[in-house]
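Visitor: I've never read a protein model before. Could you walk me through this one, feature by feature?

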Amino acid sequence: MSMPAAKIIHPVMQEMVSTGCKNQKAISLAFQTYMELCEVEILWNVEYHFSEELDLIYLSAADKPNGDENLYVPVSYLQIITPEWILEIRKQMEKRHENSIFTFVIRSEDSTSVHYKISPGLVAPLSPDAAKHKKLSDEKRQLFEHEIKKRKCELIASAKKGSKNSESARDKTESIKDKISQETSDCNDDVCEVPITVTIDDDDGDSNQTKQVEVIEL
């Protein structure tokens with residue numbers, strides 16, 4: 001009776017298994033990506049790395065012998081990818097590979113892969129409450145700027161008249177403040193301080209005089 005042939009495992013696969021990675025799927029994806037980078041992409045200096053914090057095996061390689069290091073993170077096509085998860089991966093990898101280019105290798109069950117390069121500067125989105133507050137704040141600021149433009153001529157005229165009509169200028173700015181406060185009553189906790197400064201030509205046209213009219217706090 002013949003003995004069954006021993007199963008041959010690639011040496012790199014054996015090394016990946018011995019890293020301590022508990023995610024068997026991650027090991028399989030990493031090995032497939034390793035072979036792709038070596039035999040299909042034909043990259044240089046292909047190496048694997050194990051992140052204990054992420055329980056993940058990723059790879060590094062270069063386009064030429066002395067080229068810059070690029071990072072490749074194997075991911076299953078079933079993986080739920082969120083901005084927070086991407087940021088955590090980048091955070092852990094930058095501890096070892098500063099300023100390296102970061103690419104996801106998304107793999108399907110039939111070994112088809114798609115590469116997605118992640119650009120620097122990615123940030124997590126705002127929470128729903130923070131996004132709502134920011135939208136209201138932006139709308140309030142836009143409304144304020146619109147009202148200032150509409151009343152610009154009146155404010156400049158008041159500034160030209162000087163201190164004699166300072167109360168009139170203050171009344172105009174208070175009017176703008178009241179109107180905006182009424183239309184944005186659901187965003188009263190946001191403070192917008194805007195100094196209104198106008199530059200006035202002297203009668204002889206030789207110099208300019210700058211006057212501070214009012215600071216409106218909304």
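Guide: Sure, let's start with a hollow. By class, the lining of the largest pocket has nine nonpolar, three polar and two charged residues. Keep in mind that this is a predicted model.

Visitor: How much space lies in the largest pocket?

Guide: Here's the general idea: rolling a probe the size of a water molecule over the atoms shows where empty space is left. In this case, the largest pocket holds about 200 Å³ of space. Its lining is made of 14 residues, and N23, A26, L56, P74 and Q79 are the closest to the centre.

Visitor: Which helices and strands each supply at least two residues of that lining?

Guide: Two helices and two strands do: α2 (24-40) and α3 (83-94), along with β2 (56-62) and β3 (70-76).

Visitor: And how many cavities of 30 Å³ or more does a search of the whole structure find?

Guide: A cavity is a space where the probe fits but cannot get out, while a pocket is open. The search turns up one cavity of 30 Å³ or more. About 50 Å³ of space lies in the largest cavity. Around it you'll find L71, R90, M93, E94, H97, N99, S100 and F102. By class, that lining has three nonpolar, three polar and two charged residues. Helix α3 gives the largest share, three residues.

Visitor: Now the strands. In what order do they form the sheet?

Guide: When you read a sheet, follow it from strand to strand. Here five strands form an open sheet, in the order β1-β2-β3-β4-β5, with mixed pairing. At the edges sit β1 (44-51) and β5 (113-118), each pairing on one side only. On average, neighbouring strands are turned by 25° against each other, ignoring direction.

Visitor: In what sense do β1 and β2 pair?

Guide: They pair in the antiparallel sense, over six bridges. For a spot to look at, find E47, which stands opposite S60 in β2.

Visitor: Which strands does α2 touch as it packs on the sheet?

Guide: Helix α2 touches β1, β2, β3, β4 (101-107) and β5, and its direction makes about 135° with that of β3. Then there's α3, which lies across β2, β3, β4 and β5 and runs at about 130° to β4.

Visitor: Last thing: what pLDDT does the chain average?

Guide: That score is the predictor's confidence in each residue, from 0 to 100. The chain averages 76, and 65% of the residues score at least 70. Over residues 186-191 the pLDDT is below 50, and this stretch has 12 contacts in the model beyond near neighbours in sequence. Residues 209-218 also have a pLDDT below 50, with 47 contacts beyond near neighbours in sequence.

Definitions and conventions:
Residues numbered from 1 in each chain as written. Predicted model: local features only at pLDDT ≥ 70, side-chain atom pairs only at ≥ 80, totals over all residues. Heavy atoms only, no water. Contact = heavy atoms within 4.5 Å. 1 Å grid on protein atoms, 1.4 Å probe; cavity = no way out; pocket = protein on both sides within 12 Å on 5 of 7 lines; lining within 4 Å. Points joined across faces, edges and corners; volume = space filled by probe spheres on them. Helix = DSSP H or I, 4+ residues; strand = E, 2+ residues; numbered from the N terminus. Nonpolar A, V, L, I, M, F, W, Y, C, P; charged D, E, K, R; others polar. Pairing = 2+ DSSP bridges. Axes fitted to C-alpha atoms, helices over the stretch in contact; angles between N-to-C directions.
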